[in-house]
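Please work through the following exercises with the sequence and the structure open beside you, and try each task before reading its solution.

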2 protein chains.
Amino acid sequence: VSFAKITAADLAYFATVLAPARVLTDAEHVARCARDETEDFCHPPEVVLQPVSAEEISAILRYCNTRKISVTPRGAGTGLSGGALALHGGVSLDTRRMNRILHLDERNFQVTAEPGVITQELQEAVREKGLFYPPDPASKGSSFIGGNVSENSGGPKALKYGVVKDYVLSLEAVLPSGEIISTGAATLKNSTGYNLTQLLVGSEGTLAVITKITLRLIPAVPHDLTLLVPFRSAAEACEAVNAIFLAGIAPSALEFMERDAIEWAARYTSTAVDLPQDIAAHLLIELDGPEMERLYGEAEKVADALARFDVGEILFADTADQKAALWNLRRKVGEAVKSHSAYKEIDTVVPRAELPVLLQKVKAIGARHGFRSVCYGHAGDGNLHVNIIKDAMSAGDWITRLPHGVHELFTEVIALGGTLSGEHGIGVVARDYMHLAFAPAALDVMRGIKAVFDPNGILNPGKIFPQEKAAS
Amino acid sequence: VSFAKITAADLAYFATVLAPARVLTDAEHVARCARDETEDFCHPPEVVLQPVSAEEISAILRYCNTRKISVTPRGAGTGLSGGALALHGGVSLDTRRMNRILHLDERNFQVTAEPGVITQELQEAVREKGLFYPPDPASKGSSFIGGNVSENSGGPKALKYGVVKDYVLSLEAVLPSGEIISTGAATLKNSTGYNLTQLLVGSEGTLAVITKITLRLIPAVPHDLTLLVPFRSAAEACEAVNAIFLAGIAPSALEFMERDAIEWAARYTSTAVDLPQDIAAHLLIELDGPEMERLYGEAEKVADALARFDVGEILFADTADQKAALWNLRRKVGEAVKSHSAYKEIDTVVPRAELPVLLQKVKAIGARHGFRSVCYGHAGDGNLHVNIIKDAMSAGDWITRLPHGVHELFTEVIALGGTLSGEHGIGVVARDYMHLAFAPAALDVMRGIKAVFDPNGILNPGKIFPQEKAAS
């Protein structure tokens, strides 16, 4: 695939579509849009465009489609699979100026927003009306709702409340042809034609540019309680996860953190954490519901279910400060790992009960290839973020051995009934393993769908689909 | 579009793929597969094939794809949009022999089944293990899970627990080319490529033939309580629906029935129902949860929320017999209407708070065109089944005026933020109104997707897509 380089004439055209101040080629904007939060990738676009409407995006896409200029839609750049990286240069379509909440429909428990609204700001706006938008990726303080939709993000509360896809009722999106379509309706049920809404959710900006998002909301849940449970064995912590569900408890979050994860996050955030030498991992468990009384009862049931494991002293957090401190620590693990060393993060997901086997496989593969790994994640969903740490490994070993290890790990994950990504998306980081998850005929169907939306392949090229044979 | 007629050579080939006893051309099988539960449509297939495996289906599709023979997948024939009707003759692909529950994974709260398993049997099998599969279409006693997936069915409990699409984790399906693909993984979270699972759910057998279904399950909910609330005004009953939600109550079901609906169902099922002359409509409300005590409290909150409406005496049903009687009545409304007169059912859905306006529009359009209508449905989801009754209308008026009325109604529904079908699918009954719900560019995308899966258009031809300009 080859794309046209952007010329002075192209820039002049963009300046007629957008205000010239929103056609940006300066070093600062280009450098910002060259990166997201994925490893240390850097792919500068040739120009950053900041549209404010679907109509502007329509004009941009129509032009780029004709000119064969690649267009990479961009949210806040907090993605972990490289979705916002302009691999082929071209246009970085920066949605930060499309940041309005268009309609908060309190009567119908719905909100319609532009893609550049910050996730947490959307959550706070609906909470003021007694409503709740649960998906809460670790980056929610800066991530955009449009990016969350494009990657089908999760977060801790996905366990009880579902991921982004479970909240999107309808989308407005612009096709590469410039046509503006609406995919669904503002209804809780919909059996009207193919589900284009769910096809666009998680499509990583490769099919269309999302310009309007209608989400369902639920009533706010007034009470919650957090437990931090230290385990002397990481394997036992993983086993305990399913034991909690089998005991009939449905936590609103159930996170696993290996010792290194919590230790590094504590250091990174300068938080004092009491971490006895013999503790190998923690579970961070949140219970929520309409009555505090009932939550204390459930917390006791959790403690009972954990009694047969070798756990340390359980920390109950029920004040706002205590809870905030624990969850801040959890949310900062990713950044802490990133600051520690070069690393490769693998967003594995398996059926929940297979988590202990997965952890064991991760460590065995690491031992075989000489990798150190730090694991943490949304254990209740079987979603384990495996971070392979470069540390003192040689650059040569890192480059030659890593793909083998990742290939082995994904092979094991799929054998366990799992798949390549639970919530980060495929992007560039997992594209060359897609043939492990899908038969050639299924990948061909996906390529066919891509061609229906984007026959010239201008939208976010290089993402999702395998570019080369993976190491085997 | 024209399809090949089935020849003796074709039948001979099918008999080599299937056991000859599963290649059926006798009058009885053809007559059974000529109909579903949609109005009085009758479209006999040329042959009924009863495969028992994905491999057999693969061979059938590969052959029919080459020969351009149309293939219409069929579940139990309980559909209400004509999905199982072989409009172009050809093969009726009858899945009734693929009726095994393949794996009930108690550890992971999942079940994998073939498409021909009866919905209620699946529900009962998982309930024995303390698990719950909520979607419960009225036909659950005979409908197949494969048909439910193909139409993205709902039912009363969709209100609290979601529709079929919210439970499907992964599908195995056969493409018209004969390729067998798997669409997802047995995981609760999945951001791995385009969501082919959700694309196939609700695709009405037009893209691929589903051969294996993996569903997530939830823990069984031990207690429930049902309330039957009579209203002196149908408009007020509709207004009361949203009042219940705004009062902070989340019922597990909230059904609306006009007087005629309950009266006809009572007669049809020979059930004695006390129905004072001044009652115009009922709400049937179910509350469920882990504690009976709490449900009584919620029932009081419901009664409080309804105090400002003109309601009759509320019937509380908390014994199994009482509850079963009420829900049986509700489930039989559809059959009762069907037995009463020729009719046209419209599966409207709007944002919940717009229900009172919808009902008013239905009656106004009816008055304008001389239609009588009986309305009932899943009011909590804004999903109103509008049944236009032929009664004494002349055949001429029925044929000429009905499309105008339906067109007007759908136009109003869409203006309210709603769409054409909440849970029945488009099939043949709403296909000519699809241009009201989708822009030409969106319909073109759907047509493009259809061509990716099924380039020769052999799978369930004539469904979903408009065949002609609708009356305007």
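Before starting, note that contact means heavy atoms within 4.5 Å, and that an angle runs from 0 to 180 degrees between N-to-C directions, with each axis a line fitted to C-alpha atoms. The model used here is a predicted one.

**Exercise 1. Describe the sheet that contains β1(A), and say which helix lies across it.**

Solution. Begin with the strand order, which is β1-β2-β4-β3 in chain A, an open sheet of 4 strands with mixed pairing. Next, look at the ends of that order: β1 (23–24) and β3 (71–74) of chain A each have a single partner strand, so one side of each is left without a neighbour in the sheet. Then take one pair in detail, where β1(A) and β2(A), the latter covering residues 47–49, run antiparallel and are joined over 2 bridges; within this part of the sheet, Leu24(A) has Val48(A) of β2(A) as its bridge partner. Finally, add the helix: α3(A), residues 54–67, lies across β2, β3 and β4 (91–94) of chain A, and runs at about 165° to β4(A).

**Exercise 2. Describe the sheet of 5 strands in chain A in the same steps, and find the helices that lie across its strands.**

Solution. The order to trace is β5-β6-β10-β8-β9 of chain A, an open sheet whose pairing is antiparallel. At its edges stand β5 (101–105) and β9 of chain A, and because each has a single partner strand, one side of each is left without a neighbour in the sheet. From one strand to the next, the twist averages 10°. For a pair inside the sheet, follow β8(A), residues 168–174, to β10(A), residues 209–216, to which it is joined by 6 antiparallel bridges; Leu171(A) finds its bridge partner in Ile213(A) of β10(A). Turning to the helices, α3(A) lies across β8, β9 and β10 of chain A at about 50° to β8(A), while α4(A), residues 119–127, lies across β5, β6 (110–113) and β10 of chain A at about 35° to β5(A).

**Exercise 3. Which parts of the chain does the salt bridge between Glu106(A) and Lys129(A) link?**

Solution. Start from the distance, since a salt bridge here requires the nitrogen and the carboxyl oxygen to be within 4 Å; in this pair the closest N and O atoms are 3.8 Å apart. Then place the two residues: Glu106(A) sits in the loop between β5 and β6 of chain A, and Lys129(A) in the loop between α4 and β7 (131–132) of chain A, so that the pair links distant parts of the chain, 23 residues apart. Over all chains, the whole structure holds 62 salt bridges.

**Exercise 4. How much area is buried between chain A and chain B, and what makes up the interface?**

Solution. The contact brings together 77 residues of chain A and 77 residues of chain B, and the buried area is about 5800 Å², with carbon and sulfur atoms giving 61% of it. On the side of chain A, the residues that lose the most area to chain B are Lys189(A), Ser191(A) and Tyr194(A), together 17% of what that side buries. Now consider the charged and polar links: there are 6 salt bridges between the two chains, including one between Glu423(A) and Lys189(B) at 2.7 Å, N to O, and 34 residue pairs are in polar contact across the interface. Among the elements of chain A that touch chain B, α16(A) gives the largest share, 9 residues. Sorted by class, that side has 33 nonpolar, 29 polar and 15 charged residues.

Definitions and conventions:
Residues numbered from 1 in each chain as written. Chains lettered and ligands numbered in written order. Predicted model: local features only at pLDDT ≥ 70, side-chain atom pairs only at ≥ 80, totals over all residues. Heavy atoms only, no water. Buried area = accessible area lost by both parts, 1.4 Å probe. Salt bridge = Lys/Arg side-chain N within 4 Å of Asp/Glu carboxyl O. Polar contact = N/O pair within 3.5 Å; in protein donor to acceptor, adjacent residues only side chain to side chain. Nonpolar A, V, L, I, M, F, W, Y, C, P; charged D, E, K, R; others polar. Pairing = 2+ DSSP bridges.
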